[in-house]
Amino acid sequence: MRPTVALLSLTLFLTGCSDPPDPERARSVLPESERLQTLYQQSCQGCHARPGTGAPLTAHPSQWAARLNKGMDRLVESVVRGYGAMPPGGQCLECDRSDHRALIRFMSGSGGDA
């Protein structure tokens, strides 16, 4: 098999293993905590439930994996400082670091919304 064909086959195989964008799933889930629901709906949902914004979608673990692999502390720091198109604090003026951590865990599916 030629290298180009092999690379294309591998790419198609790997992209088939990830969860495809499902905005309905991203829009339909909410944190259990009423406080986190409010913070999520006011500050996170607009981007994290809409494909094409560059933000990883809520309830799509494959879109969060590379970010989570860098470590939660580093991810929270990126939120606090802002990253890419995300403004500092992720538009959440009421959030502290523990709120950011809980929202990331919820959106990424890595541990609920403690």
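# A guided tour, starting at D99

Select D99 first and show what surrounds it: leaving aside neighbours within four places in sequence, D99 is in contact with R35, L36, L39 and E94. Keep in mind throughout that this is a predicted model. D99 lies in helix α6, and with a relative accessible area of 7% D99 is buried, because buried means under 20%.

**The nonpolar core**

One of the contacts of D99 is L39, and L39 leads to the next stop. Select L39, Y40, L103, I104 and M107, which touch the most other members among the 19 residues of the largest nonpolar core. The elements that give two or more residues to this core are α3 (34-48), α5 (72-81) and α6 (97-108), and it is α6 that supplies the largest share, with five residues. In soluble globular proteins, nonpolar side chains tend to be buried together.

**Y40 and its ring partner**

Now centre the view on Y40, which is buried with a relative accessible area of 0%. Which residues does Y40 touch, not counting those up to four places away in sequence? They are A26, V29, L30, P31, Q45, A49, T58, L103, F106 and M107, so if you colour these ten separately you will see what packs against Y40. The structure holds one aromatic pair. The rings of Y40 and F106 have their centres 5.2 Å apart and their planes at 85 degrees, so the pair is edge-to-face. Because Y40 lies in helix α3 and F106 in helix α6, the pair ties together parts that are 66 residues apart in sequence. F106 counts as buried too, at 13% relative accessibility.

**The cysteines**

Next, select C92 and C95 and show their side chains. These two residues form a disulfide, with their sulfur atoms 2.0 Å apart, and the count for the structure comes to one disulfide. Looking along the link of C92 and C95, you can note that it is right-handed, with 75 degrees about the S-S bond. Both C92 and C95 are buried.

Add C44 to the selection. Why does C44 have no bond to C95? The closest cysteine sulfur to that of C44 is indeed in C95, but it is 6.3 Å away, which is too far for a bond, because a disulfide needs sulfur atoms within 2.5 Å. C44 counts as buried, at 9% relative accessibility. C47 is likewise in no disulfide, and the nearest cysteine sulfur, that of C44, is 9.0 Å away. With a relative accessible area of 37%, C47 is partly exposed.

**The two sides of α5**

For the last stop, select helix α5 and turn the view until you look down its axis. Which residues of α5 are buried? They are M72, L75, V76 and V79, and because they cover an arc of only 100 degrees around the axis, they are on the same side of α5. An α-helix has 3.6 residues a turn, so residues three or four places apart point the same way. Show the neighbouring helices as well, and you will find that what covers the buried residues of α5 includes α4 (61-69) and α6. On the face of α5 turned away from its buried side, select the exposed residues D73, R74 and R81. Finally, step past the end of the helix to G82, which follows α5 and has a positive phi, near 95 degrees.

Note on methods:
Residues numbered from 1 in each chain as written. Predicted model: local features only at pLDDT ≥ 70, side-chain atom pairs only at ≥ 80, totals over all residues. Heavy atoms only, no water. Core = buried A, V, L, I, M, F, W, Y, C linked by side-chain atoms within 4.5 Å. Buried < 20%, exposed > 50% of the residue type's maximum accessible area, 1.4 Å probe, protein only. Helix = DSSP H or I, 4+ residues; strand = E, 2+ residues; numbered from the N terminus. Contact = heavy atoms within 4.5 Å. Arc of directions from axis to C-beta. Phe/Tyr/Trp six-rings, centres within 6.5 Å; stacked < 30°, edge-to-face > 60°.
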